[in-house]
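Hi everyone, thanks for coming. I'd like to walk you through a structure that is new to most of us, so please have it open and follow along.

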Amino acid sequence: MDLRALRYFIEVVRQNGFTRAAESLHVTQPTISKMVKALEEELGGPLVLREGRGVQLTDAGQVVYDRGLEILDQAKLLRQQVAEVDNITRGELSVGIMPTTGHYMVPVIALFQQRYPGVDLQVNEQGARAQYQLIQEGKLDMALGLFSAPDPALERYTVARQKTRVVLPVHRVADSTQPMRWQDLRDLPFVLYTSDFALHEHVLQQCEAAGFSPKVKLQTRYWDFIGQLVAADVGVAVMFEHVIARYNPERVVSRPLIEPEISWDVALMWRHGHLSRAAQAWLDCVREVYPRPLIGAELPDSQKT
């Protein structure tokens, strides 16, 4: 069986369409269609049915999709093991990094590439919820994620501990040391991350627990844009300490957020039993740079001047 055809078929299912799959894989749509048709001919029947702009799996297609995920995962592991026979001088490593946490991984990337220059390091930048999904699907070896509670489905190593605070325009705050309760935000407009970020769902849940639905003015994927919107008095934001530390203190300030006060672990995560030698080497570098979790906006020793 052609593993490339299997990979194309699985991407068609994931993207719910041939056009989106072609865009995701950076190939033409006729190429995708040809490879899926060849797979169907080899297996003796249709695997997907086109429905408008989407697709629907046949019973056979569902079997091929489920088993195909396992086959591709094993093929990837086989390539890694063969590549690592020569003491990690070759091979691949895919690591997910949330856009707001890239600064944590800069010294790790530098150390890893110094020690293992032959390893092809691939970095994926998406929100925490998307990273978690990619880890579960086996599309990433490791990812830097956010945890407010233990997750038995994953192993992890904590890099930093953060709290969420409310960010406001500087002219609206007389005393930034005074905490705010979640219910104090009831009548204020919000600017939020988009739904693929863990903080988006967190804000919605905490507002609901406080007895109200937030008045959302705008959603964006970019932490710096959120800071600019707050400074312009478009709305308030709930953000992590390490992000707030990068905002201009002459334009925005933050206040502690309580009842409840939420602590988060910024942690490297991976699936149980899926740690290749390259991934283990990455973990060793992380542990060397971060022998203990950083607190708040604290910097690692390698970044201190």
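I'll go through a strand, some aromatic rings, two single residues and the cysteines, in that order.

One thing before we start: this is a predicted model.

Let's begin with strand β11, which covers residues 252-258. Is this strand mostly covered or mostly open? Mostly covered: 6 of the 7 residues in β11 are buried. Now look at what pairs with it. Strand β6, residues 154-169, runs antiparallel to β11, and 5 bridges join the two. If you want a place to find that pairing on your screen, go to V167, which stands opposite S254 in β11. Strand β7, residues 180-181, pairs with β11 as well, but here the strands run parallel, with 2 bridges. In that pairing, M180 has L257 of β11 as its bridge partner.

Just ahead of that strand we meet our first single residue, R251. Where does R251 sit? You'll find R251 in the loop between α9 (241-244) and β11. With 43% relative accessibility, R251 counts as partly exposed. Now find V170: it is 81 residues away from R251 along the chain, yet their C-alpha atoms are separated by 5.3 Å. V170 is also one of the residues that R251 touches, and the others, leaving out those up to four places away in sequence, are L168, P169 and A231.

On to the aromatic rings. How many aromatic pairs does the structure hold? There are 6 aromatic pairs. Take F112 and W282, whose rings meet edge-to-face, 5.3 Å centre to centre and with 65° between the planes. F112 belongs to helix α5 (residues 102-115) and W282 to helix α10 (residues 277-289), so this pair ties together parts that are 170 residues apart in sequence. F112 is buried, at 0% relative accessibility, and W282 is buried at 0% too. My second example is F240 with W264, also edge-to-face, at 5.4 Å centre to centre and 85° between the planes. This pair links distant parts of the chain, with F240 in strand β10 (residues 237-240) and W264 in strand β12 (residues 263-271), 24 residues apart. F240 counts as buried at 3% relative accessibility, and so does W264 at 4%. Going back to F112 and W282, ring pairs link them with Y116 into a cluster.

There is also a charge over a ring to look for: R50 lies over the face of F18, at 3.9 Å from the ring centre.

Our second single residue is D265, in strand β12. Is D265 buried or exposed? D265 is buried, because its relative accessible area is 12% and the cut-off for buried is under 20%. The D265 side chain makes a polar contact with the side chain of T158 at 3.4 Å, and another with the side chain of R161 at 3.0 Å. Setting aside residues up to four places away in sequence, D265 touches several others, including G145, L146, F147 and R156.

Last, the cysteines. A disulfide is a covalent bond between the sulfur atoms of two cysteines. How many disulfides are counted here? The count comes to 0 disulfides. Two cysteines to look at are C207, buried with a relative accessible area of 0%, and C285, which is also buried at 0%.

That's my tour, and I'm happy to take questions.

How values were computed: Residues numbered from 1 in each chain as written. Predicted model: local features only at pLDDT ≥ 70, side-chain atom pairs only at ≥ 80, totals over all residues. Heavy atoms only, no water. Disulfide = S-S within 2.5 Å. Buried < 20%, exposed > 50% of the residue type's maximum accessible area, 1.4 Å probe, protein only. Helix = DSSP H or I, 4+ residues; strand = E, 2+ residues; numbered from the N terminus. Pairing = 2+ DSSP bridges. Phe/Tyr/Trp six-rings, centres within 6.5 Å; stacked < 30°, edge-to-face > 60°. Lys NZ or Arg CZ within 6 Å of the ring centre and 35° of its normal. Contact = heavy atoms within 4.5 Å. Polar contact = N/O pair within 3.5 Å; in protein donor to acceptor, adjacent residues only side chain to side chain.
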